[in-house]
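Hi everyone, thanks for making time. Have the sequence and the model open while I talk, and we'll walk through the fold together.

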Amino acid sequence: MAGRHCIFCGRKGVSNEHIIAKRFRKLFVVPGDGIPLLRGTGDAGVVGMWQGPIFDAQVKRVCRDHCNNGWMRAMDDQVEAPLSRMMTGQRCELTEEEQNAIAAWSVRIAMLYQYRRIPPLPVAAERLDWFYRHRKAPPGSTVWLAASAPNPGYTLYSMRWSATRAEDGAEHNGVLSTLLAGHLVVQVFDVPGWERMHFTVPERLKGFDVQIWPSSEFIRVWPPTHALTPEDLGYFVMRFGHPEREWNPSRQIRGSTLG
Ligand SMILES: [Zn+2]
């Protein structure tokens, strides 16, 4: 794809680059099997799931010199220490600056993964451009961290989501992406145009996640009070309901099965 332009900076020429920097893979024992990808139908609601080592997944959408080896690498440098701690299950106190950096990194992973899906689900050009210029999680996105109890490995789940907003009847399409990497679970809910997302979590569901974006001036501590069992995780990756169903952000978690 020599003629393809970098999705971030627009420069001509892209190369195969890892969705998640190789440095994080060193934290894991990598099994010898291949990287089977569960194919989705492309219909809304299908969960794209990377079955194999997510650290092997590559996309050919980004330029090597300016982006991958430039600002993207600098971003990796910024988050490597806290991410490595959390992936290996060590307690971590996150400053506002670290929350912002990890949130940006998480959004980048979620965006790039959309090009690995079959078929790809390209991110809107304005969204990519905004991210490239600001290098932080965009408005309309929310990022949480959670913890996985038994450390089952690593994978990435991605689910399309759409809903009509009650206030103005506008249709919004988003993506809910959940990365499991060792003990760390990172979830990005990105709904362009839905400027303020409100989440009301019932008391019994509290303590399973830590919100890092929008960030807080206060220290955020990982892990949260409760860790996710494999069963909880299955719920967690789809916790905002079936995407074809109209969804009210203030009520969506009611009636869930977790806890
Ligand atoms: Zn570029």
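**A walk through the model**

Let's begin with burial: 36% of the 259 residues in the protein chain are buried. Buried here means that 20 or more other C-beta atoms lie within 10 Å of a residue's own; exposed means 12 or fewer, partly exposed is in between, and the C-beta atoms are placed from the backbone. Please keep in mind that this is a predicted model, where local features need pLDDT of at least 70 and side-chain atom pairs count only at pLDDT 80 or more, while totals for chains, interfaces and linings use all residues. Numbering starts from 1 along each chain as its sequence is written.

The protein chain has four helices and 11 strands. Those are DSSP runs numbered from the N terminus, with helices being H or I of at least four residues and strands being E of at least two. Of the contacts in the chain with a separation of 6 or more, 72% are between residues 24 or more positions apart. A contact means two C-beta atoms, placed from the backbone, within 7 Å.

Now to helix α1, residues 64-87. How far does α1 span between its end C-alpha atoms? The span is only 26 Å, whereas a straight helix of 24 residues would span 34 Å at 1.5 Å a residue; that expected span is 1.5 Å times one less than the number of residues. Look at Glu-80, where α1 has a kink of about 50 degrees, shortly before the proline Pro-82. The bend is the angle between axes fitted to the seven residues ending there and the seven starting there. Among the buried residues of α1 are Cys-67, Met-72 and Pro-82. After α1 comes Gly-89, with a positive phi near 85 degrees.

On to the cores. In soluble globular proteins, nonpolar side chains tend to be buried together. The largest nonpolar core here has 56 residues, and Val-107, Leu-145, Val-185 and Ile-212 touch the most other members. Helix α2, residues 96-113, supplies the largest share of this core, with 10 residues. There is also a second, separate core of eight residues, including Phe-8, Val-62, Cys-67 and Met-72. A nonpolar core is a set of buried Ala, Val, Leu, Ile, Met, Phe, Trp, Tyr and Cys residues joined through C-beta atoms within 7 Å.

Next, a strand pair. Strand β7, residues 154-164, has eight of its 11 residues buried, so it is largely enclosed by the rest of the structure. It runs antiparallel to β8, residues 171-181, and 11 bridges join them; strands pair if DSSP finds at least two bridges between them. One bridge puts Leu-156 opposite Leu-179 in β8. The two strands form a hairpin with six residues between them, and Gly-169 in the turn has a positive phi of about 70 degrees.

Is Leu-176, in strand β8, buried or exposed? Leu-176 counts as buried because it has 24 C-beta neighbours inside 10 Å. Leaving aside neighbours within four places in sequence, Leu-176 is in contact with Met-159, Trp-161, Phe-189 and Phe-240.

Last, some backbone details. Two peptide bonds are worth finding: Trp-213 to Pro-214 is cis, with omega near -5 degrees, and Trp-222 to Pro-223 is cis, with omega near 5 degrees. Pro-214 sits in the loop between β10 and β11, and Pro-223 in the loop between β11 and α4. Finally, Arg-135 has a positive phi of about 55 degrees although it is not a glycine.
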